Amino acid sequence: NSAYTGGGGIDAYAVNMDFCTLSGNSVHTGQPGGGILITANSTANATLIFGNQPGTDVDGAGSGLTLSGDYNDIGTLGTNVTIAGGSGTHNQKCNPNFGALANNGGPTQTQALPAGSCAIDTGPVSAGALTTDQRGTGYPRKFQAATDIGAYEWNDRIFYDGFEP
């Protein structure tokens with residue numbers, strides 16, 4: 001996605017994102033929020049916002065905005081937004097090294113996490129009511145000890161039968 005003004009992927013008053021991936025979006029040079037531009041305090045949990053450009057992955061339309069939540073991987077922040085976590089805070093800033101948007105199974109294209117990605121098993125232990133990742137049936141939301149950050153759950157299909165640890 002791209003936008004001439006702010007918010008290459010999302011331009012919204014407020015958002016509540018759970019297990020989302022927001023990457024590869026862009027805005028015109030000098031505009032805020034390559035990935036997302038928010039106007040009011042918002043939340044993100046187990047969400048990956050990385051690789052949007054130019055400038056920042058997340059920015060605010062006003063000053064003093066807070067993006068609260070846990071287990072996120074967020075690249076760059078604009079000066080108008082701060083991150084505030086909850087009780088299980090595990091917010092990180094690392095390159096997840098995910099692949100290009102592609103057909104990785106399921107009805108929609110996804111960005112796969114490669115083995116060894118910093119987003120693997122760094123989400124919450126429970127995915128709550130979610131049973132699958134973005135791809136749907138056949139792709140469990142939790143594969144190992146904890147969920148992955150973002151919309152895609154990595155799994156080693158070679159050892160998927162459970163014979164190997």
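Residues count as buried under 20% relative accessible area, as exposed over 50%, and as partly exposed in between. At 22% relative accessibility, Cys118 is therefore partly exposed. Please keep in mind that this is a predicted model. Here is a friendly tour of its disulfide, its two parallel sheets and one buried threonine. The disulfide joins Cys94 to Cys118, one open sheet has 3 strands, another has 4 strands, and the threonine is Thr56.

**Cysteines**

- A search of the whole structure turns up 1 disulfide.
- Cys94 and Cys118 are its two ends, with an S to S distance of 2.0 Å.
- In general, a disulfide is a covalent bond between the sulfur atoms of two cysteines.
- The torsion about the S-S bond of Cys94 and Cys118 is about 100 degrees, so this disulfide is right-handed.
- Cys94 sits in the loop between β12 and β13 (101-102), while Cys118 belongs to the segment after β14 (110-111), so the bond ties together parts that are 24 residues apart in sequence.
- Cys20 takes part in no disulfide; its nearest cysteine sulfur belongs to Cys118 and is 17 Å away.
- With 27% relative accessibility, Cys20 counts as partly exposed.

**The sheet of 3 strands**

- This open sheet runs in the order β2-β6-β9, and its pairing is parallel.
- β2 (10-12) and β9 (58-60) are at the edges with a single partner strand each, so one side of each has no neighbour in the sheet.
- On average, neighbouring strands of this sheet are turned by 15 degrees against each other, direction ignored.
- Between β2 and β6 (residues 36-38) there are 3 bridges, in the parallel sense.
- If you would like a landmark for this pairing, Ile10 has Ile36 in β6 as its bridge partner.

**The sheet of 4 strands**

- Here the order is β3-β7-β10-β12, again an open sheet with parallel pairing.
- β3 (16-18) and β12 are the edge strands, each pairing on one side only.
- From one strand to the next, the twist averages 20 degrees.
- β7 (residues 42-45) and β10 run parallel and are joined by 2 bridges, and Ser42 stands opposite Leu67 in β10.
- β10 also pairs with β12 (residues 81-84) in the parallel sense, over 4 bridges.
- Within β12, Thr82 is the bridge partner of Thr66, and Ala84 stands opposite Ser68.
- In a regular strand, side chains alternate between the two faces of the sheet.
- In β10 (residues 65-68), Leu65 and Leu67 make up the covered face, whereas Thr66 and Ser68 make up the uncovered one.

**Thr56 and its surroundings**

- You will find Thr56 in the loop between β8 (48-49) and β9.
- Its relative accessibility is 15%, so Thr56 counts as buried.
- Leaving aside neighbours within four places in sequence, Thr56 is in contact with Gly33, Gly34 and Gly35, and also with Thr76, Leu77 and Gly78.
- With Gly33 there is a further detail to look at: the side chain of Thr56 reaches the backbone nitrogen of Gly33 at 3.4 Å.
- Thr147 is 91 residues from Thr56 along the chain, and the C-alpha atoms of the two are separated by 26 Å.

Note on methods:
Residues numbered from 1 in each chain as written. Predicted model: local features only at pLDDT ≥ 70, side-chain atom pairs only at ≥ 80, totals over all residues. Heavy atoms only, no water. Pairing = 2+ DSSP bridges. Axes fitted to C-alpha atoms, helices over the stretch in contact; angles between N-to-C directions. Buried < 20%, exposed > 50% of the residue type's maximum accessible area, 1.4 Å probe, protein only. Contact = heavy atoms within 4.5 Å. Polar contact = N/O pair within 3.5 Å; in protein donor to acceptor, adjacent residues only side chain to side chain. Disulfide = S-S within 2.5 Å.
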